[in-house]
Amino acid sequence: VSFDSPLQARKAGIETVYQTLALSPALSIADNIFMGREIRKEGVMGRWFRMLDKAAMDKFARDKLSELGLMTIQNIGQPVETLSGGEVRRVALCRLLLQKPDLLLLDEPTNHLDIDSTNVLLDALADFGGTLVFVSHDRYFVERIATAIIEIGHGEAVRYPGTYAEYHWSKTQRATNRPDADLREAPPRGNAGGRSPPQAAPRAP
C-alpha cells in the first residue's frame, strides 16, 4: 500500500504523531488541534464565506484536553511555541486521538511526558479500538501496550508475539543455542495494570 500524500493516508484512516510532532509553532493550541479539519460557522457565513467557528474550536479543544487529563494550559489561544516540550506533545497527541483513526502510528510517544501524562496516554491507547504501531525506547510503555514486537536489524525484521518480557525471554533462548525456542515454553503472559492491551506491532526498543 502506498500514498501520494499525507492527506490520502488520513482519508484511509491513518494518523501519525512524528517525533518532531509536526505542529505549527506560531498557531494557537486550538488551531493546531484542528489544522486541516477546521470547524466552520453554520449557515451562509461558513458555507459560502468559509468563516471559522473559533469559539466552537476553542471549547472543543479545551473540553477534549481536559477529558484526556492533559489540560494544564490556561489559555487555549496561546501559540504552541510558548509551551513546554511536554505540553507540545500533549497537544499533538490530543489532535491525533480526536480523529479516531483505524491505524495509529507513533514515534517515541512518551518523549517529554511526565509520569502522570504517560499514564493518561496509556489509558487512552488502551481504549483505542484500531491498530497501533509505535517505535519506543520506553520499556514500561512497550510492556503495557504491545501485543507483538518487531525487531529490525541487520537487514531483516523478526516478529516476536507477546509482551516485551516474552520478547526478551524468547530472544534470550534463541541466543543460548535454542533456535527452536518458542513462546509455548515462556512464563504466563502478564500485563501491568491488569488490562488486555490493544492490537499493536511496535518495533523493538
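**Inside and outside of a predicted model**

Let me begin with the interior: in the largest nonpolar core, which has 35 residues, the members that touch the most other members are Ile-33, Leu-106, Leu-125, Leu-132 and Phe-134. At least two residues of this core come from each of several elements, namely helices H2 (29–33), H4 (54–67), H5 (85–98), H6 (115–126), H7 (139–145) and H8 (164–175), together with strands S2 (103–107) and S3 (131–135). Of these, H5 gives the most, with 6 residues. I should say early on that this is a predicted model. As general background, nonpolar side chains in soluble globular proteins tend to be buried together.

Let us now look at Ile-33 and ask which residues it is in contact with, once its neighbours within four places in sequence are left aside. Those residues are Ala-61, Leu-65, Val-91, Cys-94, Arg-95, Leu-98 and Gln-99.

From that list I would like to pick out Arg-95, which is found in helix H5. Is Arg-95 buried or exposed? Its relative accessible area is 12%, and because buried means under 20%, Arg-95 counts as buried. The side chain of Arg-95 also reaches the backbone oxygen of Asn-32, at 3.5 Å.

Turning finally to the surface, we find a nonpolar patch formed by Val-44, Met-45, Trp-48, Phe-49 and Met-51, which together have about 560 Å² of accessible area. One of these residues, Met-45, lies in helix H3, which covers residues 44–47. With a relative accessible area of 38%, Met-45 is partly exposed, because that value falls between the 20% limit for buried and the 50% limit for exposed.

Conventions
Residues numbered from 1 in each chain as written. Predicted model: local features only at pLDDT ≥ 70, side-chain atom pairs only at ≥ 80, totals over all residues. Heavy atoms only, no water. Core = buried A, V, L, I, M, F, W, Y, C linked by side-chain atoms within 4.5 Å. Buried < 20%, exposed > 50% of the residue type's maximum accessible area, 1.4 Å probe, protein only. Helix = DSSP H or I, 4+ residues; strand = E, 2+ residues; numbered from the N terminus. Contact = heavy atoms within 4.5 Å. Polar contact = N/O pair within 3.5 Å; in protein donor to acceptor, adjacent residues only side chain to side chain. Patch = residues over 30% accessible without salt bridge, like charges linked within 9 Å, V, L, I, M, F, W, Y side chains within 5 Å. Areas by Shrake-Rupley, 256 points an atom, 1.4 Å probe, with all protein chains shown as cover. Salt bridge = Lys/Arg side-chain N within 4 Å of Asp/Glu carboxyl O.
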